Amino acid sequence: MAVLVLNTQRFGDHTPPPGHPERPERQDVMAAVAGEWRQRGGLVAEPAPASREAILRVHDARFVEALESAAGRAVMLDPDTFTSAESWEITQLAAGAAVGGVDAVLDGRAARAAALVRPPGHHSNRDLARGFCLVNSAAVAAAHALARGLARVAIVDFDVHHGNGTQEIFEADPRVLYVSAHQWPFYPGTGPVEDVGAGTGRGFTVNVPIERGATDDDYALVFDEIVVPVTNRFNPELVIISAGFDAHEEDPIGGMRMSADGFARLTGRLCAVADRCASGRAVLVTEGGYHLRALAASLAASLAAMDGGAEREPVHGAERGAPSRGRAAVQEARAVQSAFWRGL
Ligand code: SP5
Ligand code: ZN
């Protein structure tokens, strides 16, 4: 069984003001990657919009009504976050692609799925759109999986920014493990290592802040020492990858030094967790990634990794020296999280 890619040209019809980094051309990249996937015999499908019921599992009715009432208009929701006439429809399609990926893997129509979507979602809270995000697609997908009867879903977020929205939505829910590795200090300012979840969700939020400048090897170390062991121990029935590619060295916003092969390595590690715990079920949902060629290469490499492609060693690992930023991040995360994840 193969990897199902979900994408639609409609993702190009959400148009923030000119000069905005989260631009429609990102969809051209996703379409090109999806097209190549199809040419090589991969499965590609068009998403259906997420239902209101699916969106309301993670967003307040007032928030949904506000997005809906912006339909047909260009509205500034936050200094960074804009709608255009069709944004409400497009963000429903983005969430729908993530839900469609979950349905495909739970129904056994695909081993794994990748929802190549815009706008991104992980900064959106239950009741607030921000950070270029409207509906929180990864959160909608996780809640949909729970509604379909799953007991444990892991969301692993390697976007360069912390997914404040996803963390908040699930912070008190022990059924959803949220793990984020992100640049620190950085936008949006949430996700300190001390945030571990709330109430019965304590221990099911894992933040790994990393100093700017981290390379493939820093991230690999963080994954090998924290992200993968915690996620394995959680034993998810589904792994959702909140996949931002803005930690790439060419990215105009992020300050990290990742390569496309480095992202493939992280994706491959998470698919190995899915193989061990979840009968292989992993659903990738795109978040940020603002350099078009870097996004293209990173997406293609990550898809290949989901398909069991051989792991290529990152290009820059050796020449850039010891992964000191990764080591520091691991040490700090371990000090906090070993109370919850014994033996970490
Ligand atoms: C999904 C994703 O990668 N979102 C990234 C959002 C980054 N936003 C940076 C905002 C910097 C501060 N902006 C203040 C508003 C002034 N126009
Ligand atoms: Zn980001």
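A pocket, as the word is used here, is an open set of grid points where a 1.4 Å probe fits, with protein on both sides within 12 Å along at least five of seven lines. In this predicted model, the largest pocket has a volume of about 240 Å³. Its lining is made up of twelve residues, and Trp37, Arg40, Ala300, Leu303 and Ala304 are those nearest the centre. Two elements, α1 (25–39) and α9 (292–306), each give two or more residues to that lining, and α9 contributes the most, with four residues. By residue class, the lining of the largest pocket comprises six nonpolar, two polar and four charged residues.

The model also holds a zinc ion (ligand 2), whose protein donors are Asp159, through two OD entries, His161 through ND1 and Asp246 through OD, at 2.0 to 2.7 Å from the ion. Along the sequence, these donor residues follow the spacing D-x1-H-x84-D. Because Asp159 lies in the loop between β6 (153–157) and α6 (164–170), while Asp246 lies in the loop between β9 (238–243) and α8 (260–277), the pair ties together parts that are 87 residues apart in sequence.

The two aspartate donors compare as follows.

| Donor residue | Relative accessible area | Class |
|---|---|---|
| Asp159 | 1% | buried |
| Asp246 | 0% | buried |

Since buried means under 20% relative accessible area, Asp159 at 1% falls in that class, and Asp246 at 0% does so as well.

Notes. Residues numbered from 1 in each chain as written. Chains lettered and ligands numbered in written order. Predicted model: local features only at pLDDT ≥ 70, side-chain atom pairs only at ≥ 80, totals over all residues. Heavy atoms only, no water. Donors = N, O, S within 2.8 Å, 3.2 Å for Na, K, Ca; no water. Buried < 20%, exposed > 50% of the residue type's maximum accessible area, 1.4 Å probe, protein only. 1 Å grid on protein atoms, 1.4 Å probe; cavity = no way out; pocket = protein on both sides within 12 Å on 5 of 7 lines; lining within 4 Å. Points joined across faces, edges and corners; volume = space filled by probe spheres on them. Nonpolar A, V, L, I, M, F, W, Y, C, P; charged D, E, K, R; others polar.
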